[in-house]
Amino acid sequence: MNKRSKSIASIFATRPEAEELSSDNAARPPRVSSGSVRSMKESFSQIERENETLRQSLSEGARIVEVDPFLVDPSPYADRFNDEDDPTSFDALVASIAENGQEVPVLLRTHPQDPARFQTAFGHRRLRAARALGRPVRAVVREMDDEALALAQGIENSARQDLTFIERAVFAARLEDAGQNRQVIGRALNVDKAEVSKLIATARAVPDALARHIGRAPKVGRTRWQALVEALKGEGALERVEAHCHTAPTGLTSDERFTAVLAAAKRAPTAAPPAPAERPILARSGRRVATLTRSERDARLVIDREAGTGFADFLAERLPDLFDAYERERGSDPSRGGSS
């Protein structure tokens, strides 16, 4: 069990009496080198925030209960993509719960539209694991409005080391779509107002279907996502990316899919071949009898339908004489490169 799970699990090591839920139960950071002190301090600070949410639930009279996982719906604020690139991570969680039990409860709220059901605040993967194992999920059920739910999810997300930039961006945009203001979004993600704006701007600029095609992209940070946003503004970029997504090879990782999409967006549009130049051939009377069409490869003379096939045969019989006359004229004109 990792340090974060141990820290949260320590809350439930004894019966949840209020006097036992002191800060002494919080995880204590081990000694580390001076260069790592700041990052370790921030990490444990985020873990403590999640602990505090559970402590608060218990101190307010909540108890750990067992809930049918099939009565639990996801949060209305989707905050993560599927872990399709790392199924072993989820398999390891299932195996751990099967062997050791669910040591850390999930946090739920009663479904606002159906009091017989619940919605997840955090613990989505533990809930999935309980479903896979066919066993009840251990949960703390707490009454929360939408803002409290968003903040509770944000606490878990802030503590997670593997939440990617695009997941954070999509989460922020969905909170805003649901009516949460940017101050609440900033609190949920533990970022300042400027960062909230950048996250939402990225999510708005990348079509949802494209973000889902790419996936979590764990190695791709804000800089490269913003590069994709700029590339998508190019002429024909969205069309090239859409065509690429329909023909993309299977088996690529999420990071590889991002790289391929960025390359497609940046690819210079293929220049359309110049339209062939057409020249009508008119008789002395002004009637069009043929059309001469030039392209980079050749020139074509098309006899007009009204002139009939007879004229085409007549012209074909005389073409050798016309070509000889052309060669004689070309050979006698120094400006055409011939000799006299």
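Modeller: Two strands pair if DSSP finds at least two bridges between them. Helices (H or I, at least four residues) and strands (E, at least two) are DSSP runs, numbered from the N terminus. This is a predicted model: local features need pLDDT of at least 70, side-chain atom pairs count only at pLDDT 80 or more, and totals for chains, interfaces and linings use all residues. Residues are numbered from 1 along each chain as its sequence is written, and side-chain values use heavy atoms, with hydrogens and water left out.

Biologist: How many bridges join strand 6 to strand 7?

Modeller: Strand 7 covers residues 288-294 and runs antiparallel to strand 6. Within this pair, Arg279 stands opposite Leu292. The number of bridges joining the two strands is six.

Biologist: Which strands stand at the edges of that sheet?

Modeller: The sheet is open, with three antiparallel strands in the order 6-7-8. Each edge strand has a single partner, so one side of it is left without a neighbour in the sheet. The edges are strand 6 (277-282) and strand 8 (299-303).

Biologist: What share of the protein's residues counts as buried?

Modeller: The protein has 13 helices and eight strands. Buried means under 20% relative accessible area; exposed is over 50% and partly exposed lies in between, with a 1.4 Å probe and protein chains only. Of the 340 residues, the buried share is 37%.

Biologist: What is the order of the strands in the sheet of five?

Modeller: This sheet is open and its pairing is mixed. Strands 1 and 2 are its edge strands, each pairing on one side only. Strand 2 pairs with strand 4 in the parallel sense over two bridges. The order is 1-5-3-4-2.

Biologist: Which residue of strand 5 is the bridge partner of Leu107?

Modeller: Strand 5 (residues 137-141) pairs with strand 1 (residues 64-67) in the antiparallel sense, over four bridges. Strand 3 (residues 106-110) pairs with strand 5 in the parallel sense, over three bridges. On the strand 1 side, Ile64 bridges to Val140. On the strand 3 side, the partner of Leu107 is Val140.

Biologist: Is Thr120 buried or exposed?

Modeller: Thr120 lies in strand 4 (residues 118-122). Contact means heavy atoms within 4.5 Å. Leaving aside neighbours within four places in sequence, Thr120 touches residues including Val72, Leu107, Leu127 and Leu149. Because its relative accessibility is 1%, Thr120 counts as buried.

Biologist: Which residues of helix 4 are buried?

Modeller: Helix 4 covers residues 124-133. Gly134 follows the helix, with a positive phi near 65°. The buried residues are His124, Arg126, Leu127, Ala129 and Ala130.

Biologist: Are helix 10 and helix 12 roughly parallel or roughly antiparallel?

Modeller: Axes are lines fitted to C-alpha atoms, for helices over the stretch in contact, and angles run from 0 to 180 degrees between N-to-C directions. The axes of helix 10 (residues 222-231) and helix 12 (residues 254-266) come within 9 Å and cross at roughly 30°. Angles under 35 degrees count as roughly parallel, over 145 as roughly antiparallel, 65 to 115 as roughly perpendicular and the rest as oblique. Therefore helix 10 and helix 12 are roughly parallel.

Biologist: Which residues of helix 10 make the contact with helix 12?

Modeller: Helix 12 brings Phe258, Thr259, Val261, Leu262, Ala265 and Lys266. From helix 10 come Arg224, Trp225, Ala227, Leu228 and Ala231.
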